[in-house]
Amino acid sequence: MEIFYNILTATIISGSLSIILVIAEYFFANYGDCKITVNNKKEIVVKGGGNLLNALAENKIFIPSACGGRGSCGFCKVKALDGAGPVLPTEKPYLSASELKDNIRLSCQIKVRQDIKIHIPEELFNIKKFKAKIVEIIDYTYDIKGITFQLLEPNTVDFKAGQYMQLETPKYEKSKQVISRAYSISSIPDIKDSIQLIIRRVPDGICTTWVHDYMKLGDIVNLVGPFGDFYIRDTETDIIYVAGGSGKAPIKSMIEHFAKYQSTRKMTYFFGARTTKDLYLTEEFQEYEKTMPDFTYVPVLSAPSPDDGWTGKTGFIPPYFKDYIRDPLNTEAYLCGSPGMIAAVEKELVNLGVAKDKIYFDSF
Amino acid sequence: MIDIHPFIIFLAAIFTSNILLSNFLGMCSFLSISKEVEASLGLGMAVVFVTVLTAAVNYVVYYQILVPFEIVYLQYIIFIIVIAATVQLTEIFIERFSPALYYSLGIFLPLITVNCAIFGVALFMIIRKYTFMQTIGFAAGSGIGWLLAIMALAGIRQRIKEKMVPAGLQGAGITLIITGIMALAFVGFSGSVIIQ
């Protein structure tokens, strides 16, 4: 009996606090309906009080965000024209001086309390949430899988070769939350009703563990995208690609796209791996060497074992660049991989005379 | 009950038994928000404010509700609920009535709802059997001590931002080492006033 009274008292205390909060929220945190004007053409009306990132997402405008609105990734930048209030100390570490001048803000830190006018890149309107069915799983290596998703709703996608999608991992025994992770699209833009992602197992990774150990053909998942400014620039320069592991995904999309349209640009793809066990899609890329006007595939192994019988290139990739770059001023580079690899490659390319603003990368 | 003037407790809580540097409470926001002095000041002020406010509320709740109803063993959960509700309520009010204060202090309130320094103050006031005035002195001192520690750390971190820190120590590593050295400095004060 006594325990019953104790529980009751505790419940009354927390209950009355909740009631006070609800009342306060109703009277003081009620900002009514607020209008968000996006790019001067789309107007959406939301209930005030929440943050801008979520308000936009509820209205199907997806601003890229890796941390989910906690102000720790700095991806959700938008240009705030009017009504966003002063820049908060929580945003400052993520904004450069020129961004501050341009009124760039983190949308997850802006609270919608009045009418707001913002400007976002036009392509973000293209970002949608897709329901998709897993129709094919290929084991490329012992730790890399290629997964093809049939898009169900909406059933087509427009993207540029090199962009990425966010895959939502459903709840499963290792994760009690729905987690989103970004993976580059490896299929070509011309295939609009399905996409392929290449996913490498990360030890203890929430999403990759699900993909490698739990996902089955026929599973239905959510994808959000396409995102990213890592895509082929429409020029006529030579191209150097550098990517290893699952970094091959965006490069595969780019090269297959060029192969389909028989591009005459001179292209060289350096694929970095440790041993022959880490190589995949080698025959396919060697086939492109024959069918494309000017494409060279250069796999480089950093630690081939003696039993591999490897006769190709070994060691680090950067020392080989000078043999393949014919005119540094007329060369673009597309790099995909770890920040350390990208820094090393970028340094060598700049040394050789490639312009820094023509080196595009996607680091993960 | 101990017979120490609340003001002595106030001073002692700042220097001799700094809640952060001698009890290591409130570390998470201390480490993550100490990159810039400006933000640290805002967060520190929020901690001072919330610590005093919640310690007062928790004191009343403890001695007027928990003790008479003999449910002292529920103090942990009740204190947490009271702190969370008080912080939420304060945030709602500040946001509505003082936008200027909200932008300098209010935005940090959600970050410290679950700050263990604030919860620690509530527990220490019970363990050490403080009176109400002693509790207020202790809470204010602890809050200001925390503010002092985070401002000092933010100042140091701003100064070493451009310095060469070994790659493996960058970020959290060097911050923890700095915190350790600061804590060593504060050990020099310890024992000069006993407040428990």
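Colleague: Which residues have the most contacts inside the largest nonpolar core?

Modeller: In this predicted model, local features need pLDDT (the predictor's confidence in each residue, from 0 to 100) of at least 70 and side-chain atom pairs count only at pLDDT 80 or more, while totals for chains, interfaces and linings use all residues. Residues are numbered from 1 along each chain as its sequence is written, and chains are lettered from A and ligands numbered from 1 in the order in which they are written. A nonpolar core is a set of buried Ala, Val, Leu, Ile, Met, Phe, Trp, Tyr and Cys residues joined through C-beta atoms within 7 Å, where buried means that 20 or more other C-beta atoms lie within 10 Å of a residue's own, exposed that 12 or fewer do, and partly exposed the range in between, with C-beta atoms placed from the backbone. The largest such core has 82 residues, and those with the most contacts inside it are Leu197(A), Tyr241(A) and Tyr269(A).

Colleague: Which residues is Tyr241(A) in contact with, leaving aside its neighbours within four places in sequence?

Modeller: Two residues are in contact if their C-beta atoms, placed from the backbone, lie within 7 Å. With the neighbours within four places set aside, the partners of Tyr241(A) are Ile251(A), Met267(A), Tyr269(A), Phe270(A) and Tyr334(A).

Colleague: How many residues are in the other core, which lies apart?

Modeller: Among the members of this other core are Ile78(B), Ile118(B), Phe124(B) and Ala139(B). Its total number of residues comes to 54.

Colleague: What arc do the buried residues of H8(A) cover around the axis?

Modeller: Helices (H or I, at least four residues) and strands (E, at least two) are DSSP runs numbered from the N terminus, and helix H8 of chain A, residues 339-352, reaches 20 Å from its first C-alpha to its last, close to the 20 Å expected at 1.5 Å a residue, the expected span being 1.5 Å times one less than the number of residues. Its buried residues are Met341(A), Ile342(A), Val345(A) and Leu349(A). They lie on the same side of H8(A) because the arc, taken from the directions from the helix axis to the C-beta atoms, is only 90°.

Colleague: Which exposed residues does the face of H8(A) turned away from its buried side carry?

Modeller: The buried residues of H8(A) are covered by elements of chain A that include strand E12 (238-244), helix H7 (321-324), strand E16 (331-337) and strand E17 (359-363). The face turned away from that buried side carries the exposed residues Pro339(A), Gly340(A), Ala343(A), Lys347(A) and Asn351(A).

Colleague: Why are the buried residues of H6(B) on the same side of the helix?

Modeller: Helix H6 of chain B, residues 116-127, has Ala117(B), Ile118(B), Val121(B), Ala122(B), Phe124(B) and Met125(B) as its buried residues. They are on the same side of H6(B) because the arc that they cover around the axis is only 165°.

Colleague: Which elements do the buried residues of H6(B) pack against?

Modeller: H6(B) reaches 16 Å from its first C-alpha to its last, close to the 16 Å expected, and is one of the eight helices of chain B. Its buried residues pack against three elements of chain B, namely H3, H4 and helix H7 (132-160).

Colleague: How many other C-beta atoms lie within 10 Å of Met182(B)?

Modeller: Met182(B) has its place in helix H8 (residues 172-187) of chain B, and, not counting residues up to four places away in sequence, touches Leu21(B), Ala149(B), Ala152(B) and Leu153(B). Of these, Ala152(B) is 30 residues from Met182(B) in sequence and 8.8 Å away in space, C-alpha to C-alpha. Met182(B) counts as partly exposed because the number of other C-beta atoms within 10 Å is 16.

Colleague: Which element gives the largest share of the side of chain B that touches chain A?

Modeller: In the interface, 21 residues of chain B are in contact with 19 residues of chain A. Helix H3 (37-66) and helix H4 (75-97) of chain B are the elements that give two or more residues to this side of chain B. The largest share, 10 residues, comes from H4(B).

Colleague: In chain B, where is confidence lowest?

Modeller: Chain B has a mean pLDDT of 86, with 98% of its residues at 70 or more, and the model as a whole scores ipTM 0.71 and pTM 0.56. Within chain B, confidence is highest in H7(B), at a mean of 92, and lowest, at a mean of 74, in helix H5 (residues 99-104).
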